[in-house]
Amino acid sequence: MEAALIIFALMLLAFVGLGAYATVKVVGAAKRGVERTVTQARRTVEDTALRAKSLGQVGVAGALAQLRLDLRSSMRATQQALQDGVRTDTSLQESLSLFEQLSLHGWELDEELKRLEAEPDKARVQAALPTLRERTQRITESADSLRWAAHERARRLADDDLSALSTRIGMESDALRDWSRPDTLDDDLAAALADDRNHPPTPPEHSTKPTSALPPSKPQPEYPWQKTPRPEATT
């Protein structure tokens with residue numbers, strides 16, 4: 001009785017533990033989903049605000065907004081291209097690692113541009129714009145280079161695969177259409193079998209009837225593939 005109670009208690013604890021673990025996993029997944037949704041919504045709002053500033057404002061404010069917008073657009077497109085490509089082409093893993101290092105520089109630049117938007121000394125910001133444009137251009141050109149290389153590689157691999165597949169399909173189609181070509185292997189095999197039936201092999205050295213000057217020949221062995229002679233054939 002005590003053993004049964006102990007087993008029941010252990011099973012109850014196991015079920016409770018599994019239930020708690022599943023609850024934590026579900027809650028964690030839901031929390032991460034909400035965080036991703038909030039982050040994505042915030043980024044969308046920020047991009048919309050930057051686009052509005054770059055189009056509706058002139059001077060320093062519009063220039064800073066355009067730099068941030070260019071930086072974000074290039075980095076986001078490259079990240080998406082590399083993450084999608086590495087799922088089918090593991091050679092892009094190194095490119096993705098380089099992009100992660102580049103992202104640190106991009107994040108630092110974006111934070112600096114964001115701080116300068118609130119800088120009251122517009123003359124100082126205006127003087128820093130050439131350097132900021134150069135940094136933005138260097139980062140976006142590097143990101144664009146990785147993205148275009150990944151796209152070109154994916155396109156080249158797809159073209160090579162399609163070419164090989166087209167060649168195989170062409171060969172198979174030609175073989176299917178060539179119904180007039182004789183099957184030489186089957187014909188040669190059939191001819192050889194017919195020749196064997198019409199001209200059975202003659203046992204060596206004992207194929208002729210013995211003469212009176214020679215001793216009688218030994219009885220020939222019966223092969224499994226030979227037919228038994230009929231009685232009238234022996235008379």
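This passage describes how the helices of a predicted model are arranged and how selected residues fit into that arrangement.

The overall picture comes first. The protein chain has 235 residues, of which 18% are buried. Its secondary structure consists of 5 helices and 0 strands, so that reading from the N terminus gives the order α-α-α-α-α. Among contacts in the chain with a separation of 6 or more, 66% link residues that are 24 or more positions apart. Three of the helices, α2, α3 and α4, are followed here in turn, together with a few residues that sit in or between them.

Helix α3 is a good place to start. This helix covers residues 93-117, which is 25 residues, and it reaches 36 Å from its first C-alpha to its last. That span is close to the 36 Å expected at 1.5 Å a residue. Which residues of α3 are buried? They are S95, L96, F99, L102, G106, L109, D110, L113 and L116. A general point helps in reading such a list: an α-helix has 3.6 residues a turn, so residues three or four places apart point the same way. The partners of the buried α3 residues are α2 and α4, against which they pack.

How are packed helices compared? Two of them are described by the angle between their axes and the distance between the axes. For α2 and α3, the angle is about 160° and the axes are 10 Å apart. Angles over 145 degrees count as roughly antiparallel, and α2 is therefore roughly antiparallel to α3. The crossing in which α2 passes α3 is left-handed.

The pairing of α3 with α4 can be described in the same terms. Here, too, the helices pack at an angle of about 160°, and their axes lie 10 Å apart. These two helices are therefore roughly antiparallel to each other, and their crossing is left-handed. On the α3 side, the contact is made by S95, F99, L102, H105, G106, L109, E112, L113, L116 and E117. On the α4 side, the residues taking part are K122, V125, L132, R135, T136, I139, S142, A143 and L146. Several of the α3 names will be familiar from the buried set, including F99, L102 and L109.

The remaining pair is α2 with α4. Their axes come within 9 Å and cross at roughly 15°. Angles under 35 degrees count as roughly parallel, and α2 and α4 are therefore roughly parallel to each other. As α2 passes α4, the crossing is left-handed.

With the helices in place, individual residues can be added to the picture. In helix α2, which spans residues 60-86, R72 is one to look for. Is R72 buried or exposed? With a relative accessible area of 14%, R72 falls under the 20% cut-off and is therefore buried. The side chain of R72 is joined to that of D110 by a polar contact of 3.5 Å, and D110 is itself among the buried residues of α3. Further along α2 lies D84, which is partly exposed because its relative accessible area is 35%. The side chain of D84 makes a polar contact of 2.8 Å with the side chain of R87.

The loop between α2 and α3 holds D89. This residue counts as buried, with 12% relative accessibility. Which residues does D89 touch, apart from its neighbours within four places in sequence? Its contacts are with R153 and L157. With R153 there is also a polar contact between the side chains, at 2.5 Å.

Two residues of α4 complete the description. V125 lies in this helix and is buried, at a relative accessible area of 1%. Neighbours within four places in sequence aside, V125 is in contact with V60, L64, L116 and E119. Although V125 and V60 are 65 residues apart along the chain, their C-alpha atoms are separated by 7.1 Å. The other residue, H151, is also found in α4. At 40% relative accessibility, H151 counts as partly exposed. Where sequence and space are compared, H151 and A81 lie 70 residues apart in sequence, while their C-alpha atoms are 7.6 Å apart.

Terms used. Residues are numbered from 1 along each chain as its sequence is written. This is a predicted model: local features need pLDDT of at least 70, side-chain atom pairs count only at pLDDT 80 or more; totals for chains, interfaces and linings use all residues. Side-chain values use heavy atoms; hydrogens and water are left out. Helices (H or I, at least four residues) and strands (E, at least two) are DSSP runs, numbered from the N terminus. Buried means under 20% relative accessible area, exposed over 50%, partly exposed in between (1.4 Å probe, protein chains only). A polar contact is a pair of N or O atoms within 3.5 Å; within protein, one must be able to donate a hydrogen and the other to accept it, and residues adjacent in sequence count only if both atoms are side-chain atoms. The expected span of a helix is 1.5 Å times one less than its number of residues. Contact means heavy atoms within 4.5 Å. Axes are lines fitted to C-alpha atoms, for helices over the stretch in contact, and angles run from 0 to 180 degrees between N-to-C directions. Angles under 35 degrees count as roughly parallel, over 145 as roughly antiparallel, 65 to 115 as roughly perpendicular and the rest as oblique. A crossing is left-handed if the near helix is turned anticlockwise from the far one by less than a right angle, and right-handed if clockwise.
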